[in-house]
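Please walk me through this protein model, going from the overall fold to its pockets and cavities and then to some individual residues.

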Amino acid sequence: MGVNSNRVESLECRETVLRIPPEEMSAPPQQTEEIHKVCLPPSQTTLQKLKHKLSEVFFPDDPFYRFKNQTWFRKLLLGLQFLFPIFQWGPDYTLALFKSDIVSGLTIASLAIPQGISYAKLANLPPIIGLYSSFVPPLIYSVLGSSRHLAVGPVSIASLVMGSMITEAVSFNEQPTLFLKLAFTATFFAGVFQASLGLLRLGFVIDFLSKATLVGFMAGAAVIVSLQQLKGLLGIIHFTNKMQFIPVMSSVFHHKDEWSWQTIVLGSIFLLFLLGTRHISIKKPKLFWISAAAPLTSVILSTILVFLLRDKVPGISVIGHLPKGINPPSLNMLYFTGPQLALAIKTGIITGILSLTEGIAVGRTFAGLKNYQVDGNKEMMAIGFMNMAGSCSSCYVTTGSFSRSAVNYNAGAQTAVSNVVMSATVLITLLFLMPLFHYTPNFILAAIIITAVIGLIDYQAACRLWKVDKLDFVACVCSFFGVLFISVPLGLAIAVGVSIFKILLHVTRPNTMVLGNISGTQIFQNIDRYREASRVPSFLILAIESPIYFANSTYLQERILRWIREDEERIKATNDSPLKCVILDMTAVTSIDTSGIEAVCEIRKILMQKSLQFVLANPVANVMEKLYKSKALEQFEFNGLYLSVGEAVMDISSLWKRQP
């Protein structure tokens, strides 16, 4: 009878190396099993490997597959469609689609106008900047964006972060021009950062903002934003610019003498009205138009009411004068030199990441509902170029808003033309309707903001995190309390740090387990998970569920030796068959480095000193190639390398039986 040496001499792999006669197997006599050789992957040059790796990292979706085997004219057309999605759906645009887009565009405009003014106030910017930011960016996105339902404009979280970060260094009341310069410059750098991620296909950078991190961050930000609006709801004139819980609440109670009961009554009435319409739309989605029209309706009613009561109740704070006209150019206000440049860059990157995360998440959500795909890299470029252009036209950071996009979707939007309709409506407002907002009270803006951000508090998601993954819940809680009590950027940084710690924990302390055989099969599974899986006498079968890297090689070596020690102690206690062989199932070991190879060789040396056989089962192609090139594979030539755990157990058992 031949012997299975498992020697790897070439890249060719013969299928069958050894056939075990039935009488020498523990399996039933009617079965005949084959022992297969473990193959090396096909030979590739270093350039081929690099090309493949770069392709997998940067082009996993193979965006250029449409260009294969096409004429030059067809390639030009496909290139235009790739860069400008409007050329993809534009030729098939019909009047019926336009009717739907007009309705949805007018609907989201009724929401975008009051929200734009409110969010600009949240960012400590003049209210008119919010309307400017609802005019130019949507036009650019309609040409470059790939989502049909994304409604573009200012959003609460980016407004909060930008306002809080810049206010820490510069006060708008004291240095309004410098504040505007920093806001526009931060918007420019946010756009550069976003477009660069898309062009370089580095979208995985934003994946470090995990779902758990965002749940806590959004909830903390929503609480802080809502508390900040007490200034408008209570009629307080002197209020803190800080964005932490304790300073905000201290400011509220230290200025009780400034509370205005008229403002409190009117603000509470409109806040209850807005919350009520929101509740109705949540319970009955077909009535979405009620919550969509409520903000503008509230603005109109409150403005008329304050105008009529201006003589009897003069103490109600109003927006005041808003200039008419379209966006003035702001290229000359970009701030590229000076002591605050670092602040502008940092603010731009942080707000860029947050707005990009929200915009792409919203776009993919509604694309999934309508069964079409949104290209993440295209979206990054579209949002990036949109913000770069916006920074030159008196706009601050914009992205896709979930609330406006939901209204856009429910209103029946079919294409990005709904954004064009919204921009046209905002343009008319800028040109002709600005004087009508003079008596718009600040309490209505506060009520609109509270109604918008309250939906960001997702307590159900936090409960799910607690049930599913406690470490994710810790990241969520750290993010929430960090934003609430420290600061918005530091709270976000703490949450990202916890998420990265979780990744490092999984990498440095991977799962290992003991496998047992399910009787009557060649299946080996975790004995703690499957009761029907039993240990194989004289074998200890271990599995690792991670790559073996320098970061975890020492831990894995120590853990495997501990498994062996514990198994030997179990054998002594139960008088089972003595341990003869340790099999390491490498099916889930997707990669290995030099430290990992050294750890495997060191384990083999230690087991040889104990007269124990060490066997590797089913190493993947990448691992196999590195073991071969490091010559570590030579140590496993004689019955040390198998295609599966089942074949290893069967072949080694048969060899033991043949030994005298």
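## From the whole chain to single residues

The lining of the second largest pocket is made up of 16 nonpolar, 15 polar and three charged residues. This is a predicted model, and the pocket in question encloses about 890 Å³ of space. Its wall consists of 34 residues, and those nearest the centre are Lys-121, Asn-124, Lys-231, Asn-241 and Asn-442. Three helices, α4 (95-122), α10 (230-234) and α18 (442-453), each supply at least two residues of this lining, and the largest share, five residues, comes from α18.

It helps to place this pocket within the chain as a whole. The protein chain has 660 residues, of which 51% are buried, and its secondary structure comes to 25 helices and 11 strands. Along its principal axes, the C-alpha trace spans about 110 × 65 × 55 Å. Among contacts between residues at least 6 apart in sequence, 77% join residues at least 24 apart.

Two of the helices that line the pocket return in the surroundings of another helix, α7. What covers the buried residues of α7 includes α4 and α18, together with α8 (176-199), α9 (211-228), α14 (341-369) and α21 (488-508). How many of the residues of α7 are buried? The count is 12 of 12, and the helix is thus described as mostly covered. The buried residues include Ser-156 at the start of the list and Thr-167 at its end, with Leu-160, Val-161, Met-162 and Gly-163 among those between them. The length of α7, which covers residues 156-167, can also be checked against expectation: at 1.5 Å a residue its 12 residues should span 16 Å, and because the end C-alpha atoms are 16 Å apart, the two values agree.

The helices α8 and α9, both named among the cover of α7, are joined by a loop in which Arg-201 is found. Most residues other than glycine have a negative phi. Arg-201, however, has a positive phi of about 55° although it is not a glycine. Is Arg-201 buried or exposed? Its relative accessible area is 10%, and because the cut-off for burial is under 20%, Arg-201 counts as buried. Arg-201 also appears among the contacts of Asn-377, a residue of helix α15 (residues 376-391). Leaving aside neighbours within four places in sequence, Asn-377 is in contact with Leu-197, Gly-198, Arg-201, Leu-202 and Gly-203. Asn-377 is itself buried, since its relative accessibility is 14%.

A second region to examine is residues 529-652, which UniProt lists, in an unreviewed entry, as "domain: STAS". In the model this span is 44% helix and 16% strand, and its end C-alpha atoms lie 26 Å apart.

The model has two cavities of 30 Å³ or more, and the largest of them has a volume of about 40 Å³. Which residues line the largest cavity? They are Ile-544, Ile-548, Ser-553, Leu-556, Gln-557, Ile-560, Leu-584, Ala-599, Val-600 and Ile-603. By type, the lining divides into eight nonpolar residues, two polar ones and no charged residue. Helices α22 (553-574) and α23 (594-609) each supply at least two residues of this lining, and α22 gives the most, with four.

One pair of residues gives a distance between positions in this part of the chain. Glu-602 has its place in helix α23, and Gln-557 is one of the residues that line the largest cavity. Glu-602 and Gln-557 are 45 residues apart in sequence, yet their C-alpha atoms are 8.2 Å apart in space. Glu-602 counts as partly exposed because its relative accessibility is 33%.

Further along the chain, Asn-618 is found in the loop between β10 (613-617) and α24 (621-629). Like Arg-201, for which phi is about 55°, Asn-618 is a residue other than glycine with a positive phi, here near 55°. In contrast to Arg-201, which is buried at 10%, Asn-618 has a relative accessibility of 25% and therefore counts as partly exposed.

Definitions and conventions
Residues are numbered from 1 along each chain as its sequence is written. This is a predicted model: local features need pLDDT of at least 70, side-chain atom pairs count only at pLDDT 80 or more; totals for chains, interfaces and linings use all residues. Side-chain values use heavy atoms; hydrogens and water are left out. UniProt positions are given in the numbering used here, feature names are shortened, and annotations may be inferred rather than shown by experiment. On a 1 Å grid over the protein atoms alone, a cavity is a set of points where a 1.4 Å probe fits but cannot get out, and a pocket is an open set with protein on both sides within 12 Å along at least five of seven lines; lining residues have an atom within 4 Å of a point. Grid points are joined across faces, edges and corners, and a volume is the space filled by probe spheres set on the points. Ala, Val, Leu, Ile, Met, Phe, Trp, Tyr, Cys and Pro count as nonpolar, Asp, Glu, Lys and Arg as charged, and the others, Gly among them, as polar. The expected span of a helix is 1.5 Å times one less than its number of residues. Buried means under 20% relative accessible area, exposed over 50%, partly exposed in between (1.4 Å probe, protein chains only). Contact means heavy atoms within 4.5 Å.
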